[in-house]
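I opened a fresh page for this one and jotted down what I looked up. Here are my notes, in the order I took them.

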Amino acid sequence: MTTSSARLRELLTAPQAARAAGAHDGLTARLVEEAGFDVVWASSFETSASRALPDMSLLTMTDYLQAASWMVQSTSLPVLADCDTGFGNRLNIAYTVRQYEAAGVAGICLEDKVFPKKNSFLAVGQTLEDPAEFAARIRVAKQAQHNPEFVVVARVEALIAGTGMADALARAHQYADAGADAILIHSKSQEPHEIQEFLEQWQRRTPVVVVPTTYFRWKTEEASRAGASLVIYANQGLRAAVQAVRDVLLEIRLTGDSTSSEDVIAPVKEIFRLTDVDTWNALES
Ligand code: SPV
Ligand code: MG
């Protein structure tokens, strides 16, 4: 039987880029699968926002692990879990790997910022971790895993912090030397140019993961041709839900009934289907 980690590895090393979408619970993970994505991204931004909290390292590892575990249980797709900076020091990272592995998560992503990290798009100064220390953490993560297929993605925040392309590439090489299975290169640019330059210089040394949130015009196929192996649509689902819920609730309050919203909201039966009501009824009988 192919494990979810082996499947994620397969996707990362395939000639065409795979597609991931962000989720924060079982239902959103299931919607990611039904929409035809290949991977569920257990997003720290979405998981924090679902609790009306900013993505600022406020939740604990247990909170994020619980959310990722719901995702694993509700979908057959591999789940790649955003583990921020790894929730502490080297030992915490080893513990994180063991816990996520035991929960059936296919892989984790660790970013090279200092704890407590803040979301990459916040207009605040971002402090990067010392690259040698972060490389050591990647080494520890790889040593801690029991399943040889478990995936550890090293996320480079140099372009976010503004330390430049040379720093981004040097860090990525250090993390790959330390055993990272893939590099996530993040950017807050409106255009994909710096990501394209990174990919060009990286020469497919390891798989590369990209997150086109701000440079959203870049198509999956273009990212694939440029050498990306996984394209993460990290938060569009959450943003769609916020807008849709807001619109419908406002409409109901203004009109005094839900008639005009019925055509745009999912029927109750659809929620029954999404939550496997038939399976549960069959279990009872
Ligand atoms: C997340 O989805 O939590 C991410 C991606 O880390 S981003 O919000 O773009 O930093
Ligand atoms: Mg995150």
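Before going to the sheet I fixed my terms: two strands pair if DSSP finds at least two bridges between them. I also kept in mind that this is a predicted model.

**Entry: the sheet.** I looked up how the strands are arranged. Eight of them close into a barrel, in the order 1-2-3-4-5-6-7-8, and the pairing is parallel. Direction ignored, neighbouring strands of this sheet are turned by 25 degrees against each other on average. I then checked one pair: strand 1 (residues 18-23) runs parallel to strand 2 (residues 39-42) over four bridges. Within this pair, I found Gly22 opposite Trp41 of strand 2.

**Entry: helices on the sheet.** Helix 1 (residues 4-12) packs on the sheet, and the strands touched include strand 1 and strand 8 (230-233). Its direction makes about 50 degrees with that of strand 5 (151-156). Helix 6 (residues 131-144) also packs there, touching strand 4 and strand 5, and makes about 170 degrees with the direction of strand 5.

**Entry: the core.** I asked which residues have the most contacts inside the largest nonpolar core. They are Tyr100, Leu110, Ile183, Ile185, Phe198 and Val210, in a core of 60 residues. Apart from it lies another core, of 19 residues, with Ala18 and Ala106 among them.

**Entry: ligand 1.** The residues around ligand 1 include Trp41, Asp82, Arg155 and Ala234. I noted three side chains with a polar atom by a ligand oxygen: Ser43 at 2.7 Å, Ser44 at 3.1 Å and His186 at 3.0 Å. Trp41, opposite Gly22 in the sheet, thus turns up here too, around ligand 1.

Note on methods: Residues numbered from 1 in each chain as written. Chains lettered and ligands numbered in written order. Predicted model: local features only at pLDDT ≥ 70, side-chain atom pairs only at ≥ 80, totals over all residues. Heavy atoms only, no water. Core = buried A, V, L, I, M, F, W, Y, C linked by side-chain atoms within 4.5 Å. Buried < 20%, exposed > 50% of the residue type's maximum accessible area, 1.4 Å probe, protein only. Helix = DSSP H or I, 4+ residues; strand = E, 2+ residues; numbered from the N terminus. Axes fitted to C-alpha atoms, helices over the stretch in contact; angles between N-to-C directions. Contact = heavy atoms within 4.5 Å. Near = heavy atom within 4 Å. Polar contact = N/O pair within 3.5 Å; in protein donor to acceptor, adjacent residues only side chain to side chain.
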